[in-house]
Protein chains: 2
Amino acid sequence: VRILEDEIIERIRRRIPSSEGGLLHTGIGHDAAVIRPQRRDWVITCDQFLEGVHFLMEKSPPESVGYKALARATSDLVAMAAQPRVFFMSIVLPEERTGKWLSRMISGMARASKLYGLRLAGGDTARAPEKTGSVALNLTVLGEIPRGRTIGRAGAKPGNSIFVTGVLGGAQLGLELLMAHKALTRNRKLLTAQYYPVLPLDFALWLGRNHPPTAMMDVSDGLSTDLTRLCRASGVGAVVYADKIPTVALPKSLKPPRMDALTLALHGGEDYGLLFTIPPKIAARIPAVFGRTRVTRIGEIVSGSGVKLVSSEGQIAKLRPGGWDHFRKQ
Amino acid sequence: VRILEDEIIERIRRRIPSSEGGLLHTGIGHDAAVIRPQRRDWVITCDQFLEGVHFLMEKSPPESVGYKALARATSDLVAMAAQPRVFFMSIVLPEERTGKWLSRMISGMARASKLYGLRLAGGDTARAPEKTGSVALNLTVLGEIPRGRTIGRAGAKPGNSIFVTGVLGGAQLGLELLMAHKALTRNRKLLTAQYYPVLPLDFALWLGRNHPPTAMMDVSDGLSTDLTRLCRASGVGAVVYADKIPTVALPKSLKPPRMDALTLALHGGEDYGLLFTIPPKIAARIPAVFGRTRVTRIGEIVSGSGVKLVSSEGQIAKLRPGGWDHFRKQ
């Protein structure tokens, strides 16, 4: 076990940047890592990525498991406009995943670590207990923000404009296709949002520096669920407009009644775009496109509580938190 | 699932200190926690505690699982003479562990968090995937040291004295008793080192401030294994004296040939004492007892490589890394 562990750590270090220097004063090889911050605030998050809970082994390329495990953890830092810096990975591996599967998983994680500027600072490895045999990844990611620039979920005010980045529902569409055993070769591109979600890091940093939102979070469990959370944390309500919500373009074969782009956008999770609120006079300064990130105003914060959806015909209905559960119950 | 998750988080927060303030600028309830360091270096470690790997459900009181999961992670900070400050807990729970078991586990963890001055800053909860049904805990613990005071494993020099804290082999003895199905009621006290290891935090802080060791680590995998690691990292060898090693007092019924205190001390893991090296002229200033921590000089660092054991009869033999594996192969 010990030799396997050392060998696994070595394989990970060869692929994922882990050199000491700058703020990573002491990295892998001691009891703990030492971080030297430079008069900034540190933002820290933990996120699990578990086989059978967050991904299915037979449906997921190993590269996607590694990429997504790190990206979704990092998404919590992006949601606070933090610059990602270092991460720690704890991993549980069954014997049969220590070969080729591990190498491919690491290569996907290396891609995410380079894309978002993250260095590996430590972690822990363990063999899976016999009765389980499932892979478990736990990522702790640290980033930094200028001192005093915390953006939380609790500051949304009535009158604020509500924005989202990217297109909503793309990751859920990919999951639906995977679960329905569709012929995947024809739909490869439709799986990208599910397998390799792209985080709007550059936009988040620009926004945090220039127009700090009153509240911000990532859309990980679906707009209906996450907007409800933001409203509850801020003690406000919200109105969103169906025809303003950026939805995925469905190929002909998937058009309603087989699949509905608005339902995907309202309740589908795992897009890892941003949901933020901003005073209306600043809203005009938010570009519709920033680099490769689409930014869309979808509604307003109101006093009271709960989220209301205005349909394209002008009808108003309560939008209850749906999220991932919504789909599984159909 | 969502409501269960919120309820679990609430139960954890009620028992484990998690209030914001001081360096914990923003705690639970946002995408990530914000830490505000005060011109110090930060020491960070991750550690997993897995059912079926690190503990057996039917052999472990839930309070011990919670206590030990946090204590063993914190031990890596103590090993760098860091003051523990905040921690993050990611947890995987099967359905049947969300009731009474969880409450008792949390109460053990609360005990460790208070004992070592740790506040809960965040984490992640998930239901166990159906096929596994095992509990997994992943702890990320942060502590601080004065800037530039990193104590690693790589600085031991020939001539340095080697010290350990506490008694070695006590946790392994407890494990042996548990595995052998001994009548536990008679041996309750002998299980304490296995269930509730005490970290020598006050001594480590005193040592780091007053006489920083040239190298230090915790004894988690057994003296033979961990001293070999320290020697390899420092590029040196070591000589230790059998009759100086602090061993556990065996009750009559367990005396050799049934159980051997020296073997337990050399190869038994999980004691979470400290192993450190220090120049000989400073060695005289290290007290034999500090508070409730016993401190013992067990040998010297020499040039070369490998660890040698001098028996009480004066015979010299190679001490190969044994650790936990050693016991399982007998």
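In this predicted model, the two copies meet through the same surface, because 100% of the interface residues of chain A are also interface residues in chain B. Two copies of a chain are related by a rotation about an axis and a shift along it. Here, chain A is superposed on chain B by a rotation of 180° with 0.0 Å of shift along the axis, at an RMSD of 0.0 Å. This is the relation of a two-fold axis.

Strands from chain A and chain B take part in one open sheet of six strands, ordered β5(A)-β4(A)-β6(A)-β3(A)-β2(B)-β1(B), with mixed pairing. At the edges stand β5 (119-127) of chain A and β1 (24-26) of chain B; each has a single partner strand, so one side of each is left without a neighbour in the sheet. From one strand to the next, the twist averages 25°.

At the chain B edge, β1(B) runs antiparallel to β2 (residues 33-35) of chain B and is joined to that strand by two bridges. Within this pair, B:L24 lies opposite B:I35 of β2(B).

Helix α2 of chain A packs on the sheet, and helix α3 of chain A lies across two of its strands, β4 and β6 of chain A. The table lists both helices with their directions relative to a strand.

| Helix | Residues | Strands of chain A | Angle |
|---|---|---|---|
| α2 of chain A | residues 62-78 | touches β3 (40-50), β4 (83-93) and β6 (136-146) | about 140° with β3(A) |
| α3 of chain A | residues 100-115 | lies across β4 and β6 | about 165° to β4(A) |

Technical notes:
Residues numbered from 1 in each chain as written. Chains lettered and ligands numbered in written order. Predicted model: local features only at pLDDT ≥ 70, side-chain atom pairs only at ≥ 80, totals over all residues. Heavy atoms only, no water. Least-squares fit on C-alpha atoms with pLDDT ≥ 70 in both. Contact = heavy atoms within 4.5 Å. Pairing = 2+ DSSP bridges. Helix = DSSP H or I, 4+ residues; strand = E, 2+ residues; numbered from the N terminus. Axes fitted to C-alpha atoms, helices over the stretch in contact; angles between N-to-C directions.
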